[in-house]
Amino acid sequence: MKKRKYPRQKIIHFLPIITFVFVCSMFSFSSYYTPKWMFKWKGIRKEIKDSVQKFDRYGEICFDSTSQFGYKLQNYFTHEWILKNATPSELYNLLDYPDGTVKAIAYEGLMYNSKVKKFPLLKRSLNDTLSFVFFSSGCEGTGVMLSDYVINFIANIDKGVPPRYNPPEIKLSEEEKDEILKLFYKRKAKENYYKKEFYKTLK
């Protein structure tokens, strides 16, 4: 039995349709794609992964455990659970997570660990200029650079903002502290520029 041959003209006729479907598919993929899809969860337990993704769904740190907004209250307790249960190695891995608010939790957990050297962590946060942290207290919410959150809200090195809790013990030499603060002020001077670049990554 001879194989049926399709006329070449019919194939050519369908090419525009095939091309159109392909372009639409690629456009749809690029519209919904996020670097979070490519994050490597190796070394992070499933329960920590699930909690991080649950927290990241709303993308906001909540300082108030009495919030009337359900999702904020849920994020508050998820945040606290991650800090209590994630190991230092898991927190280090989360420093690479492509979201500043999740990174902030990882920095917080490491800053309160007495065995972790703080100077390299502080410098790392200062070099992560396109990560921003979003948080709220009550009905008010705002966003700051990751380094601002780490240095002011957690470590309270600059003393410019009251810390969220009692600040962790940060053992720095005067030279290290001066280096951190100089770099911090340098980053703060360009905050508006970094913010514009950050929002470009969301488009």
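Before the first slide, one term: a residue is called buried when its relative accessible area is under 20%. I will use that word throughout. The model is a predicted one.

Let me start with the overall layout. The protein has nine helices and three strands. Read from the N terminus, the elements go α-α-β-α-α-α-α-β-β-α-α-α. There are 203 residues in the protein, and 37% of them count as buried.

Now to helix H5. It covers residues 100-111. How many of the 12 residues of H5 are buried? The count is 12 of the 12, so H5 is largely enclosed by the rest of the structure. The buried residues include Lys103 and Glu108, as well as Val102, Ile105 and Leu110. From its first C-alpha to its last, H5 reaches 16 Å, close to the 16 Å expected at 1.5 Å a residue. At the start of the helix, a side-chain oxygen of Asp99 comes to within 3.1 Å of the backbone nitrogen of Thr101.

Just ahead of that is Pro98, in the loop between helix H4 and H5. Pro98 has a relative accessible area of 32%, so it is partly exposed. Where the chain comes back past this loop, we find Ser131: Pro98 and Ser131 are 33 residues apart in sequence, and their C-alpha atoms are 8.2 Å apart in space.

Next, the aromatic rings. A pair of rings is described by the distance of the centres and the angle of the planes. In this model the count comes to 12 aromatic pairs. I will show two of them.

In the pair of Phe39 and Trp41, the ring centres are 4.8 Å apart. Their planes stand at 85 degrees, and over 60 counts as edge-to-face, so this pair is edge-to-face. Both Phe39 and Trp41 are buried.

The other pair is Phe134 and Phe198, with centres 6.2 Å apart and planes at 35 degrees, so it is tilted. This pair links distant parts of the chain, since Phe134 is in strand E2 and Phe198 is in helix H9, 64 residues apart. Is Phe198 buried or exposed? Its relative accessible area is 12%, so Phe198 is buried. Phe134, at 28%, counts as partly exposed. Phe134 and Phe198 also belong to one aromatic cluster, together with Phe132 and Tyr199.

On to a single polar residue, Asn75, in helix H3. Its relative accessible area is 1%, so Asn75 is buried. What does the side chain of Asn75 reach at 2.8 Å? That is the backbone oxygen of Glu60. The backbone oxygen of Phe55 also lies 3.4 Å from a polar atom of the Asn75 side chain.

Last, the second largest pocket. It holds about 230 Å³ of space. Its lining is made of 14 residues, and Ser114, Val116, Lys118, Glu169 and Lys171 lie nearest the centre. Which helix gives the largest share of the lining? Helix H6, residues 118-127, does, with three residues. By class, the lining has seven nonpolar, two polar and five charged residues.

To go back over the main points: H5 has 12 of its 12 residues buried, Phe134 and Phe198 link strand E2 to helix H9, and buried Asn75 has its side chain at 2.8 Å from the backbone oxygen of Glu60. That is the end of my slides.

Notes
Residues numbered from 1 in each chain as written. Predicted model: local features only at pLDDT ≥ 70, side-chain atom pairs only at ≥ 80, totals over all residues. Heavy atoms only, no water. Helix = DSSP H or I, 4+ residues; strand = E, 2+ residues; numbered from the N terminus. Expected span 1.5 Å × (residues − 1). Buried < 20%, exposed > 50% of the residue type's maximum accessible area, 1.4 Å probe, protein only. Polar contact = N/O pair within 3.5 Å; in protein donor to acceptor, adjacent residues only side chain to side chain. Phe/Tyr/Trp six-rings, centres within 6.5 Å; stacked < 30°, edge-to-face > 60°. 1 Å grid on protein atoms, 1.4 Å probe; cavity = no way out; pocket = protein on both sides within 12 Å on 5 of 7 lines; lining within 4 Å. Points joined across faces, edges and corners; volume = space filled by probe spheres on them. Nonpolar A, V, L, I, M, F, W, Y, C, P; charged D, E, K, R; others polar.
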